[in-house]
Structure formats: C-alpha cells, structure tokens
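Hello,

Here is the structure I promised to pass on to you. Please have a look at it first, and then read my notes below.

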Amino acid sequence: MDTELLRTFLEVTKTRHFGRAADNLYLTQSAVSFRIRQLESQLGNALFSRQRGNVHLTAAGERLQPYAESILQTWGRAKQDVALSEDLSTQIVIGASPLFWEFDGISDWIQALFDACSGLALRLESFPRQSLSKKLLDNSVDIAITCEPPKMDGMQVIKVCDYELLLVSRTPNCSLALSKELPLVFLDWGTRFSIEQGRINELQRSPILHAHSSNIALSHILSTSSVGYLPSLVIERELKSQRLYPVVDAPILLQSLYLVCRENNEKCDIISDIFSVPFKSVN
C-alpha cells in the first residue's frame, strides 16, 4: 500500500476539510480527492461522508484510523532503522504523553543519553498515556515515560524523579476559598490526579479549559484570571519570577516519573545504559 495515501487520509481526518488538507500537504484539492478515492477503492469502503460541506469519517474510516497511524509510525521507524550507519548502530524508540516532553530537564536528559551511549539513534514519539502499555507490548516503543506505570508482569519500572502538582494562579495571596470564583483550567494528568482533584470541593465545577498540554494550560493561566494544577517541572521559572503564585492553602499533589520497558526487549543492554542516566536537572 502507498503510505502517501494513508498520510493523505490522516490529514483529511485531522482537518475535516479537503481544501485545508491539500494546503497542508502542498497538493491540489483534486489530488487529495483522487488519493482518497484510490484508498477507498483498495479497501472497498467509503471512508468519508460529506453532508453540506461537513466532512466526517464513516464507520469504516474510524476503523481504519488507528491502523493508518500505526502503519505510518512503523514505516518511519523502519526507514530510520534501515538507514543506521556504523556510527549509529542502535535505534531506541522512547514514547511519552505530550505532557512529559514539555518538562524542564527532558531535553537535557536526552542530550545526556547521547553523551553516555555511543552509537545511539533516538526516535521520540508522542502517544496518549492509555496506549503506552500496548505500544510496549507490541514493541512499537522500547521505553515509555509515564507517571502511571503499567501493572503487568514482564515490565521493568524505574522511578527517575518526584515532582509536585501545584494549584496556581497569577493572583498573589489567592486562597482556596477565593479560587472558587476563578475559572478552572483542568490539565488531564491521569486517573490518580483526577481522583485527587475530585476530592477538593472548591474545584468541583466545569473547567473553562480542558487541556492535554502543560504549556497551553500555563499560557492560559498567565493571561487570564484563572486557576489550575500545573507540574512544578514546568512552572518553576514562573514561580521564581512571580508571574505565578501557588494558591495559599491548596493541597500539593505529589507525582513520580517512571521509565518502563519490557524485560525481554532485545535491546536490553543499551536500555540498561539509558536507565542509568539520571534526570539531573529535574531532581
């Protein structure tokens, strides 16, 4: 199958618009339509339904989407792996929720991996946290970065650092009682966090912003009179510069960051070397 057909399918899926997909792919709209027709012909099913200009996936298109994403990710890893030279002998795929790539110190840790592990080629992937266990099991990911390590046999789990989630606002001396009057920003940090925040009565309201990005949540809180929990590994500079303030009497929610891999991964030697590189700048 032509991977460009799948790439075009995913772009239309993302934009819900053939014209915008064509612009993003540097194609004409007729070329995008032709590719989608080719793919539909190969699969024997319509993938999109168009009603009054509203483009949405059919049931067949919804079933195809996760396979298309997986095929393109696997193809990208394969191209990088095949292209390895004598100097770059081992490719390691590290997967994480987009939240963790925004942590201060992650880029320093990645650089430290290259310094510590000779012949290393890295591929950094973003996945929803719910899919990381599956990615580890099917070898799509060699190492996962997560705050909720999977509870299953055959996994090696290493805790690399602890951090705090702080309820913050740009308003100084804001109390938990006063925060009830501020719009709520909810950063989707996982099941444990949702349960813990759910126990705080003052925060039981619909959020004005529900985000999967620390940076987006941070930007909104900095520019509006709102309140929300953010990780200390993202907001340290804003706290020091007093652009943000902790809500005075709010509970501090403790979290940990883990590296996870399969115990029987064939790249266990270099993974062991990676696990030994500390998160120096975030401890």
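**The largest pocket**

The largest pocket holds about 210 Å³ of space. Please keep in mind that this is a predicted model.

Eleven names are worth having at hand when you turn to this site: the lining is made up of Pro-66, Tyr-67, Glu-69, Ser-70, Gln-73, Phe-127, Pro-128, Ser-131, Lys-134, Lys-135 and Asp-138. By character, these lining residues split into 4 nonpolar, 3 polar and 4 charged. Two helices, α4 (59–82) and α7, each give at least two residues to the lining, and α4 makes the largest contribution, with 5 residues.

Lys-134, one of the lining residues, sits in helix α7 (residues 132–137). Is Lys-134 buried or exposed? Its relative accessible area is 55%, so Lys-134 is exposed, the cut-off being over 50%. If you would like a distance to go with that, the C-alpha atoms of Lys-134 and Trp-75 are 18 Å apart in space, with their positions 59 residues apart in sequence.

**The cores**

Next, the interior. The largest nonpolar core has 58 residues, and within this core Trp-109 and Trp-189 touch the most other members. Strand β6 (residues 155–169) provides the largest share of this core, 7 residues. Apart from this core there is another one of 19 residues, including Leu-6, Ala-21, Val-32 and Ile-36.

Which residues does Trp-189 contact, once its neighbours within four places in sequence are left aside? They are Leu-99, Phe-100, Phe-103, Cys-147, Tyr-163, Leu-165, Ser-214, Pro-231 and Gln-255.

Thr-8 is another residue to look at, and you will find Thr-8 in helix α1 (residues 3–15). Thr-8 counts as buried because its relative accessibility is 0%, and the cut-off is under 20%. Beyond its neighbours within four places in sequence, Thr-8 is in contact with Leu-25, Val-32, Arg-35 and Ile-36. Val-32 and Ile-36 are also among the members of the 19-residue core.

**The cysteines**

How many disulfides are there? The count comes to 0. As a reminder, a disulfide is a covalent bond between the sulfur atoms of two cysteines.

Cys-117 shows the reasoning: the closest cysteine sulfur, in Cys-261, is 13 Å from the sulfur of Cys-117, so the two are too far apart for a bond. Cys-117 is also buried, at 4% relative accessibility. Cys-268 is in no disulfide either, and here too the nearest cysteine sulfur is that of Cys-261, 8.4 Å away. Cys-268 is partly exposed, with a relative accessible area of 38%.

**The whole protein**

Finally, the overall picture. The protein has 12 helices and 11 strands. Along the principal axes, its C-alpha atoms fill a box of roughly 60 × 55 × 35 Å. Of its 283 residues, 48% count as buried. Looking at contacts between residues at least 6 apart in sequence, 72% join residues that are at least 24 apart.

I hope this gives you a good way in, and do write back with any questions.

Best wishes

Methods: Residues are numbered from 1 along each chain as its sequence is written. This is a predicted model: local features need pLDDT of at least 70, side-chain atom pairs count only at pLDDT 80 or more; totals for chains, interfaces and linings use all residues. Side-chain values use heavy atoms; hydrogens and water are left out. A nonpolar core is a set of buried Ala, Val, Leu, Ile, Met, Phe, Trp, Tyr and Cys residues joined through side-chain atoms within 4.5 Å. Buried means under 20% relative accessible area, exposed over 50%, partly exposed in between (1.4 Å probe, protein chains only). Helices (H or I, at least four residues) and strands (E, at least two) are DSSP runs, numbered from the N terminus. Contact means heavy atoms within 4.5 Å. On a 1 Å grid over the protein atoms alone, a cavity is a set of points where a 1.4 Å probe fits but cannot get out, and a pocket is an open set with protein on both sides within 12 Å along at least five of seven lines; lining residues have an atom within 4 Å of a point. Grid points are joined across faces, edges and corners, and a volume is the space filled by probe spheres set on the points. Ala, Val, Leu, Ile, Met, Phe, Trp, Tyr, Cys and Pro count as nonpolar, Asp, Glu, Lys and Arg as charged, and the others, Gly among them, as polar. A disulfide is a pair of cysteine sulfur atoms within 2.5 Å.
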